Amino acid sequence: MLIFLAFLYFCLACSVIWLALFPGGRAMVLQMLGMLQRRLQWRVGGWQRSGNATLQASWSGARGVLYDSRRLLRRHWAWFAVGVPLVLVPTLLALLMRRPDMLPDYEPADTVVDAQVAVLLKGEQLVPPAALPPLAFGTREVELVRPMLVDASRNWGLLRPEFSQRLLLVFKIMKEKYGYEMALLEGYRSPARQDMLAGMGSQVTNARAFQSWHQYGLAADCAFWRDGKLVISEKDPWAMRGYQLYGEVAESLGLTWGGRWTMMDFGHTELRMRGVMRR
């Protein structure tokens with residue numbers, strides 16, 4: 001669909017440029033309109049001779065509209081050449097450049113793919129796992145991958161229940177079905193911290209305050225706990241396999257997984273709810 005729109009825009013832009021810069025092009029278009037008018041007139045003339053008064057009246061109106069359109073195009077061709085691209089270009093660029101993460105509320109809050117998962121969400125209220133030791137988040141290995149993580153919030157109580165219960169169910173499935181023990185790296189994030197991280201560059205985040213679901217308790221960054229250490233980097237084949245499974249499980253619960261974004265964030269999940277994020 002996007003390829004078709006891009007091709008359509010290219011053809012339209014070339015046509016407008018041709019009409020704007022080449023008088024011969026405008027003359028050709030006007031000539032074609034004239035030929036169309038004469039052909040219609042010839043056909044309607046036959047109908048007129050057959051005594052069809054209704055068609056004669058319709059042709060008179062159509063001929064007037066066609067004549068007025070030609071005259072308007074001839075007199076104001078420069079305005080058309082400038083105005084049409086100004087109207088179409090922003091819309092087409094928005095369609096071509098859009099990404100899923102640019103649409104904060106496209107997804108309903110109760111999107112659940114698996115019927116069995118829906119039953120689980122309505123049943124047992126899952127409890128957060130025991131907190132990991134603070135030193136685990138301040139090691140050199142962790143700082144290289146996720147700077148400033150030691151000051152992040154890992155308070156499950158600051159997450160909205162609609163999201164935290166789904167995330168806890170992801171943790172449960174990952175451990176029981178695949179043998180991966182998950183760890184919460186960061187949940188709720190204050191607006192001040194969001195701006196601070198955005199100031200560190202696009203390699204950290206592009207979102208400013210209140211542009212991230214972290215500020216609404218509807219997003220979390222997670223990784224894996226193995227042999228008493230956090231494993232965050234996707235360069236570890238075991239962790240990369242875990243992130244892929246993590247994304248599949250999260251999406252089956254109606255969550256959005258950052259691993260599908262242009263700037264991939266494999267450990268990130270969020271629950272997009274309409275009417276929550278500020279515009």
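**Exercise 1. Classify the accessibility of Trp238 and describe its ring partner.**

Solution. At 27% relative accessibility, Trp238 counts as partly exposed, because buried means under 20% relative accessible area, exposed over 50%, and partly exposed in between (1.4 Å probe, protein chains only). This model is predicted: local features need pLDDT of at least 70, side-chain atom pairs count only at pLDDT 80 or more, and totals for chains, interfaces and linings use all residues. Residues are numbered from 1 along each chain as its sequence is written, and side-chain values use heavy atoms, with hydrogens and water left out.

The structure holds nine aromatic pairs; rings of Phe, Tyr and Trp (its six-membered ring) pair if their centres lie within 6.5 Å, and planes under 30 degrees apart count as stacked, over 60 as edge-to-face and the rest as tilted. One of them joins Tyr180 and Trp238, which are stacked at 4.6 Å centre to centre with 25° between the planes. This pair links distant parts of the chain, 58 residues apart: Tyr180 sits in the loop between H7 and E1, and Trp238 in helix H9 (residues 237-252). Helices (H or I, at least four residues) and strands (E, at least two) are DSSP runs, numbered from the N terminus. Tyr180 has a relative accessible area of 6% and is therefore buried.

**Exercise 2. Determine the geometry of the pair Phe224 and Tyr243, and the cluster to which both rings belong.**

Solution. The centres of Phe224 and Tyr243 are 4.8 Å apart and the planes make 55°, a tilted pair. Phe224 belongs to strand E2 and Tyr243 to helix H9, 19 residues apart. Phe224 is buried, with a relative accessible area of 0%; Tyr243, at 2%, also counts as buried. Both rings belong to one aromatic cluster, formed by Tyr180, Phe224, Trp238, Tyr243, Trp257 and Phe266.

**Exercise 3. Locate Ser212 and list its surroundings.**

Solution. Ser212 lies in the loop between helix H8 (191-198) and strand E2 (219-226). Its relative accessible area is 8%, so Ser212 is buried. A polar atom of the Ser212 side chain lies 3.1 Å from the backbone nitrogen of His214. Not counting residues up to four places away in sequence, Ser212 touches Arg189, Gln194, Ala207 and Met277 (contact means heavy atoms within 4.5 Å).

**Exercise 4. Place Ala131 and state its separation from Leu184.**

Solution. Ala131 lies in the loop between helix H5 (115-122) and helix H6 (140-145). With 75% relative accessibility, Ala131 counts as exposed. Ala131 and Leu184 are 53 residues apart in sequence, and 8.9 Å apart in space, C-alpha to C-alpha.

Technical notes
A polar contact is a pair of N or O atoms within 3.5 Å; within protein, one must be able to donate a hydrogen and the other to accept it, and residues adjacent in sequence count only if both atoms are side-chain atoms.
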